[in-house]
Amino acid sequence: MLKLLSDSNAVLNVDDFYIKEQASGLDELIFNMSIYDENYPHVLEEAVIEYEQPYLVKAIDAGAEQAKVKCQLDLDALKATLTVGYSTLYGTVSGVLPAGWTFLDNSGSTISRTIEGNYTPLEVIQACVDTYGVVFRYDVKNKIVRAYTLTDFQPIGSFASRELNLTEVNFKGKSTDFYTRLYA
């Protein structure tokens with residue numbers, strides 16, 4: 001159930017949605033919505049839509065009858081201030097987080113480096129990806145940032161792709177290029 005929190009606090013009549021988990025941690029919520037829906041005029045860019053986490057509407061691609069809406073995790077609290085460099089991963093991330101946010105370092109990183117420059121907290125966290133060799137997952141609802149090493153995320157062997165669109169088990173091909181025997 002998607003909930004529009006901005007101005008109408010309405011429940012959106014949308015069943016066709018998915019969350020795209022990005023390696024950067026900036027997950028996206030994507031859904032299609034009828035342009036004739038009564039709540040469609042309230043779905044504007046930067047509107048807040050909630051599904052387990054708050055998301056901000058970043059793009060609306062309206063067609064003749066349907067609109068594709070792309071949202072991104074609401075990390076505006078991490079973009080509110082500018083900060084200066086720190087040294088360790090824990091010191092860097094916990095030092096830039098706004099009040100009420102928690103940092104959980106599951107990476108085990110002991111590297112000591114400095115990120116120099118004036119950045120927002122989100123920019124500092126994103127710079128830590130290359131500097132410390134970690135990835136982040138954000139829990140905006142509970143205000144938690146978690147760090148992991150890339151080796152913690154191994155492919156499970158199952159992948160979904162829009163291009164495959166398998167609707168039935170049916171294989172067609174030709175066997176003219178197969179060899180069944182090999183003579184010396």
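Helix α2 (residues 121-132) has twelve residues, which at 1.5 Å a residue should span 16 Å, and its end C-alpha atoms are indeed 16 Å apart; the expected span is 1.5 Å times one less than the number of residues, and helices (H or I, at least four residues) and strands (E, at least two) are DSSP runs numbered from the N terminus. This is a predicted model, in which local features need pLDDT of at least 70 and side-chain atom pairs count only at pLDDT 80 or more, while totals for chains, interfaces and linings use all residues. Residues are numbered from 1 along each chain as its sequence is written, and side-chain values use heavy atoms, with hydrogens and water left out.

In α2, Pro121, Leu122, Val124, Ile125, Cys128 and Tyr132 are buried, where buried means under 20% relative accessible area, exposed over 50% and partly exposed in between (1.4 Å probe, protein chains only). Just after α2, Gly133 takes a positive phi of about 70°.

The structure also holds three aromatic pairs, counted for rings of Phe, Tyr and Trp (its six-membered ring) with centres within 6.5 Å, planes under 30 degrees apart being stacked, over 60 edge-to-face and the rest tilted. The rings of Phe17 and Tyr51 have centres 4.8 Å apart and planes at 70°, so this pair is edge-to-face; Phe17 lies in strand β3 (residues 17-20) and Tyr51 in strand β5 (residues 48-51), 34 residues apart.

Tyr90, Phe103 and Phe136 form one aromatic cluster. Within this cluster, Phe103 is buried at a relative accessible area of 7% and Phe136 is buried at 1%, whereas Tyr90 is partly exposed at 48%.
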